[in-house]
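Let's take a walk through this one together. Keep the sequence and the 3D view side by side as we go.

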Amino acid sequence: MNSQLSEVPSHSWLGAPIDARPLFAPEQAALMAMLRGLAPADWGKEAVPGWTVRDLAAHILGDFYGRLARDRDSHQNGPAFTPGETLEAFIHRINQEWVDAHRRVSPATLTDTLDLIGGQIAQFFEAADPNSLSLGVSWAGIDPAPMWLDCARDFTEFWTHRQQIRHAVGQDTDPDPRFLSVVLDTFMRALPHTLREVTASVGTQIQVQVDSPAGGTWTVTATGDRWSLAEPDSDTEPPAAVVRLDVETTWRLCTRGIQPDTSLARARIDGDRALAEAACQIVSIVY
């Protein structure tokens, strides 16, 4: 699938836009097939630290409801920040409050509700205008963000949670390149923000290569005021650093399933190691 749309010039430093909209329906179908195939004991297994599979399913439902309430229905009475609360603390708090409130809900009811509301989520994103402005994406350093990035960000979250459930019940990461290629492409949009404190001469490039049919190569270039994922100039010098990672290391690093030191131990690095280490601090979630 061609995951890219016409580039929005004002956001060129984010790289060419990604079109994740057609993938929400098949991702939802994959989630439902997995949940309906779980054994009763699977729902109590730990999916992420502190949350069972059932808890994580409830969290996904909360994400679905939150998106529809806020952006489809213009509902204004959602949770508010407490005095001095950071974005990260706010998100972690309201997520936990939602999960705690839904502990009385059975797995069967959660599954049926996820089926219903997830279908509405797919319809919402399919109809979204990718060039409109939407919620900020903090890990990419942009607020407001173009809808294409906000949309792709939500797609990666749903996909990641499905992998966490798969792993909890003994399944491997879903290798479907339709999903995985868009997930990796989206995660790499965190590179300019990751490198925001790294000083380098204009034109310096760092390249991240993910070796897989679903992978690719991303080149981030130092410009006058920021690092940029815009298409590199063909006349530039070779990258100052090249980082080669496998797929599993890449997505787990970006979602902090593993730490940067682990990814560096697995990486193949050419060139400036300090720049490579800086790139491997990438995180593509609210963390």
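Buried, here, means under 20% relative accessible area. Keep in mind as well that this is a predicted model. With that cut-off, phenylalanine 125 is an easy call: its relative accessible area is 0%, so it counts as buried. Phenylalanine 124 comes out at 16%, and because the cut-off is 20%, that residue is buried too.

Those two residues also meet through their side chains. The ring centres of phenylalanine 124 and phenylalanine 125 lie 5.1 Å apart and the planes make an angle of 75 degrees, so this is an edge-to-face pair. Across the whole structure, a search turns up nine aromatic pairs.

Another of them joins phenylalanine 24 and phenylalanine 158. Their ring centres are 6.1 Å apart with the planes at 80 degrees, so they too are edge-to-face. What makes this pair fun to trace is the sequence: phenylalanine 24 belongs to helix α1 and phenylalanine 158 to helix α5 (residues 147-168), which puts them 134 residues apart and ties together distant parts of the chain. Both phenylalanine 24 and phenylalanine 158 are buried. Now step back a bit: ring pairs connect Phe24, Phe64, Phe124, Phe125, Phe155, Phe158 and Phe179 into a cluster.

Rings also turn up with charges over them. Arginine 226 has its charged end over the ring of tryptophan 13, 4.1 Å from the ring's centre. Elsewhere, arginine 256 lies over the face of tyrosine 287, with 5.6 Å to the ring centre.

Tryptophan 13 leads us on to serine 228, since the two are in contact. You'll find serine 228 in strand β7 (residues 227-228). Is serine 228 buried or exposed? Its relative accessible area is 8%, so it is buried. Setting aside neighbours within four places in sequence, serine 228 touches Ser12, Trp13, Pro192, Thr219, Val220, Thr221 and Thr223. There's a polar side to it as well: a polar atom of the serine 228 side chain lies 3.0 Å from the backbone nitrogen of alanine 230.

Last stop, a loop. Alanine 39 sits between α1 (24-36) and β1 (46-48). Its relative accessibility is 36%, so alanine 39 counts as partly exposed. Which residue lies 130 places from alanine 39 in sequence and 9.2 Å away in space? That's valine 169, with the distance taken from C-alpha to C-alpha.

Terms used: Residues are numbered from 1 along each chain as its sequence is written. This is a predicted model: local features need pLDDT of at least 70, side-chain atom pairs count only at pLDDT 80 or more; totals for chains, interfaces and linings use all residues. Side-chain values use heavy atoms; hydrogens and water are left out. Helices (H or I, at least four residues) and strands (E, at least two) are DSSP runs, numbered from the N terminus. Buried means under 20% relative accessible area, exposed over 50%, partly exposed in between (1.4 Å probe, protein chains only). Rings of Phe, Tyr and Trp (its six-membered ring) pair if their centres lie within 6.5 Å; planes under 30 degrees apart count as stacked, over 60 as edge-to-face and the rest as tilted. A charge sits over a ring if NZ of Lys or CZ of Arg is within 6 Å of the ring centre and within 35 degrees of the ring normal. A polar contact is a pair of N or O atoms within 3.5 Å; within protein, one must be able to donate a hydrogen and the other to accept it, and residues adjacent in sequence count only if both atoms are side-chain atoms. Contact means heavy atoms within 4.5 Å.
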